[in-house]
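Student: Please take one part of this structure and go through it closely. I would like to see what surrounds it.

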Amino acid sequence: PSRDFINLTLLLRAFTREPIMGDDYGPVQHSLAVTLAPNPRRGRNMGALKKKKRGHLELMVDLKDTGKGYSLTCQIQQARSLLPMDLNGLADAYVKMYIQPDKQKKTKQKTKTVMKSLNPVWKEKFTWNFPQGVKLDGLKLSLQVWDWDRIGRNDFMGAMAFSLSDLLDPEFKKSGWFILMDEEHGSKYNFPVADPKGPAEIKRRATVKDMQ
């Protein structure tokens, strides 16, 4: 039924903004230099996102021009109402991040694992540094929440993605709470909510590149 879907209007924009200053998310910081050849394909994708009650992730993401390239910062704060994945009704959650496309996963970074919680708190900051002249079109920050398993494979819990060129738009939502989505939609979109305890979707235009 149509009420189970969220329609997003997708546009292409490029603006500049001042970087987010200060760090209220804790002392844990990670940094990585990035040398990627972006996917040359571009496009706009209009579609619908099926709602999934996978929980919400609070974060702050920002991209700034350093004069010698770009610096991407992502602060992972906490999650709320994650899916119970273990027999005890809880989860051992962590967040992993990539700059896509990256088949060799050289840009992978991840948080610590918070054991036995559906409302984990990380307070970790991650940085990727891009060389001067890099093309932002076609690059995106992919975030995925996983459940760690001592025996067997880890379990996917939810995802979202940010197009790097979008992050230069001062009107684009870059901080706060975001819905965790399934792998298909979470690999392309991000969608903010006003309150994770009673989410009311923020009406906005989201710029997302179709990376397929």
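The answer below deals with strand β9 (140-147) and its surroundings.

Tutor: The model is predicted, so a reading rests on these rules: local features need pLDDT of at least 70, side-chain atom pairs count only at pLDDT 80 or more, and totals for chains, interfaces and linings use all residues. Residues are numbered from 1 along each chain as its sequence is written, and side-chain values use heavy atoms, with hydrogens and water left out.

First, the setting. The chain has one helix and twelve strands; both are DSSP runs numbered from the N terminus, helices being H or I over at least four residues and strands E over at least two. Along the sequence the pattern is β-β-β-β-β-β-β-β-β-β-β-α-β. Of the 212 residues, 49% count as buried, where buried means under 20% relative accessible area, exposed over 50% and partly exposed in between, with a 1.4 Å probe and protein chains only.

Now the sheet. β9 belongs to an open sheet of four strands in the order β7-β6-β9-β10, with antiparallel pairing. Two strands pair if DSSP finds at least two bridges between them. The edge strands are β7 (109-110) and β10, each pairing on one side only. On one side, β9 runs antiparallel to β6 over eight bridges, and D147 of β9 is the bridge partner of A93. Eight bridges also join β9 to β10, again antiparallel, and K140 stands opposite S163 in β10. Strands of a sheet pair through backbone hydrogen bonds, either parallel or antiparallel.

β9 is mostly covered, with eight of its eight residues buried. In a regular strand the side chains alternate between the two faces of the sheet. In β9 both faces are covered: K140, S142, Q144 and W146 are buried on one side, and L141, L143, V145 and D147 are buried on the other.

L141 leads to the largest nonpolar core, which has 42 residues; L141 is among those with the most contacts inside it, along with L72, I76, F162 and L164. Such a core is a set of buried Ala, Val, Leu, Ile, Met, Phe, Trp, Tyr and Cys residues joined through side-chain atoms within 4.5 Å. β9 is one of the strands that each supply at least two residues of this core, the others being β4 (56-65), β5, β6, β8 (121-131), β10 (155-163) and β11 (175-179). β5 gives the most, with five residues. L72 touches L141, and its other contacts beyond four places in sequence include V61, I99, F126, W128 and L164; a contact means heavy atoms within 4.5 Å.

On the other side of the strand, W146 takes part in one of the two aromatic pairs of the structure. The rings of W146 and F156 have their centres 5.8 Å apart and their planes at 80 degrees, so the pair is edge-to-face. For Phe, Tyr and Trp (its six-membered ring), rings pair if their centres lie within 6.5 Å; planes under 30 degrees apart are stacked, over 60 edge-to-face and the rest tilted. This pair joins β9 to β10 across ten residues of sequence, and W146 and F156 are both buried. The second pair is F162 with F178, with ring centres 5.4 Å apart and planes at 75 degrees, so it too is edge-to-face. F162 lies in β10 and F178 in β11, 16 residues apart.

W146 also has a charge over its ring: the charged end of K96 sits 4.3 Å from the ring centre. The test is that NZ of Lys or CZ of Arg is within 6 Å of the ring centre and within 35 degrees of the ring normal.

At the D147 end, D86 is a neighbour, located in the loop between β5 (69-80) and β6 (93-100). Not counting residues up to four places away in sequence, D86 touches A91, D92, D147 and D149. D86 counts as partly exposed because its relative accessibility is 22%.
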